[in-house]
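Let's walk through this structure together, one stop at a time. Please keep the 3D view open as you read.

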Amino acid sequence: MINKVFYDLVRSAPKGRWSGIQRTYGPEEVQRLRSGLQIEYTLALQKRSRKKLKKDDMYLGWQIAADGNSAGSMYPDQSLYPSNSGPEMARRINKTLERASQIEHSEGGTKHDWFVPIVADAEAGFGGPLNCFEIMKAYIEAGVAGVHFEDQLASEKKCGHMGGKVLIPSSAHLRNLNAARLAADICGVPTVIVSRTDAESATLLTSDFDERDQEFIDIPAGRTPEGFFRLKKGSGLKHCIKRSIGAAPFTDLLWWETSTPNLEHAKEFAEAVELGAMGYKFQFITLAGFHSLNFGMFELARNYKDRGMAAYSEVQQEEFEAEKHGYTAVRHQREVGTGYFDMVAMAVTGKEIELIEFMITNDA
């Protein structure tokens, strides 16, 4: 019954969108926390009402830390960068897609759907539930389709393949997910929420108060000097399964971070959480931009050192060859909007001429 009311609060949500979804708050809280003017988040609503992700969705993640953060610095994947970096990058990407759409439309009509959905990385939320609430709102304002939250301790956050990860209690992670859902409901958008667990390779836990986590704590091993509880070795997969089942009612998709590509473990996980057909619908390629950009420039510099301008000419020839497949950046000035702004200038100039002629006629 409560979910039925949420269809009125989030009018863009299609039938069945809230099937199986639980909230720890009611519609009254959502109404009370909204502003007097309900803002429309057009980009966040563009094709965002679906509950599933697709292979052409864009993932915005680790490279923010590496070289795309608002501090203008380079960081490892440890939440060291300013928390507004992700939303700002999402805004930049949507601005770029908007420019591409404007250029194409001005040249004879839009032929492509440029505004592809963006799935964004909120890391461990950069704090507690209130931080998750705020970063979710910031991502919605930037126009993303989905946001994922990890169950690591934000201040000790590590990349999925790094050691020394510290988990927060299961209940704390659920509070973060609820905070993100509340933010989306207040904004009136059905943003996809992804729950990620790093329990497979985590070795530490902040607290033992949550009964759901207690079976995985290694009591004889004692606690670390920081007071963290040590987790039992070899219990990571079962811990992932239990945390994912617990998070399922409060999220739209489940992500368990693995340290190795083990298909047997993947099958066991999928069967345990009753996903069926392995249950894996979305593959994240989080490093493609970083590696392709760096390797491409490395190869150009290496070849330029040996063969000079011929090396750059070869790159251009590859660009020309790629045009038949839809590549357009070979014309770099057109790519950034020179033709579009020429049209803007002509339109402005034309209006100015008409105004001058009008003024001259009336002065006479």
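Before the first stop, one cut-off is useful: helix axes that meet at an angle under 35 degrees count as roughly parallel. Keep in mind, too, that this is a predicted model.

With that in hand, turn to helices H9 (236–247) and H10 (residues 263–272). Their axes run 10 Å apart, and the packing angle is about 30 degrees. H9 and H10 are therefore roughly parallel to each other, and their crossing is right-handed. On the H9 side, the contact is made by Leu237, Cys240, Ile241, Ser244 and Ile245, while H10 brings His265, Glu268, Phe269 and Ala272. By character, the residues of this contact between H9 and H10 divide into six nonpolar, two polar and one charged.

Now step back to the loop that joins strand S7 (229–230) to H9, where you will find Ser235. Is Ser235 buried or exposed? Its relative accessibility is 11%, and because buried means under 20%, Ser235 counts as buried. The side chain of Ser235 also reaches the backbone oxygen of Lys232, at 2.7 Å.

Our last stop is Leu45, in helix H3 (residues 42–45). Leu45 has a relative accessible area of 24%, so this residue is partly exposed. Which residues does Leu45 touch, leaving aside its neighbours within four places in sequence? They are Ser12, Glu40, Gly188, Val189 and Pro190. Take Val189 from that list: Leu45 and Val189 are 144 residues apart in sequence, yet their C-alpha atoms are 6.3 Å apart in space.

How values were computed
Residues are numbered from 1 along each chain as its sequence is written. This is a predicted model: local features need pLDDT of at least 70, side-chain atom pairs count only at pLDDT 80 or more; totals for chains, interfaces and linings use all residues. Side-chain values use heavy atoms; hydrogens and water are left out. Helices (H or I, at least four residues) and strands (E, at least two) are DSSP runs, numbered from the N terminus. Buried means under 20% relative accessible area, exposed over 50%, partly exposed in between (1.4 Å probe, protein chains only). A polar contact is a pair of N or O atoms within 3.5 Å; within protein, one must be able to donate a hydrogen and the other to accept it, and residues adjacent in sequence count only if both atoms are side-chain atoms. Axes are lines fitted to C-alpha atoms, for helices over the stretch in contact, and angles run from 0 to 180 degrees between N-to-C directions. Angles under 35 degrees count as roughly parallel, over 145 as roughly antiparallel, 65 to 115 as roughly perpendicular and the rest as oblique. A crossing is left-handed if the near helix is turned anticlockwise from the far one by less than a right angle, and right-handed if clockwise. Contact means heavy atoms within 4.5 Å. Ala, Val, Leu, Ile, Met, Phe, Trp, Tyr, Cys and Pro count as nonpolar, Asp, Glu, Lys and Arg as charged, and the others, Gly among them, as polar.
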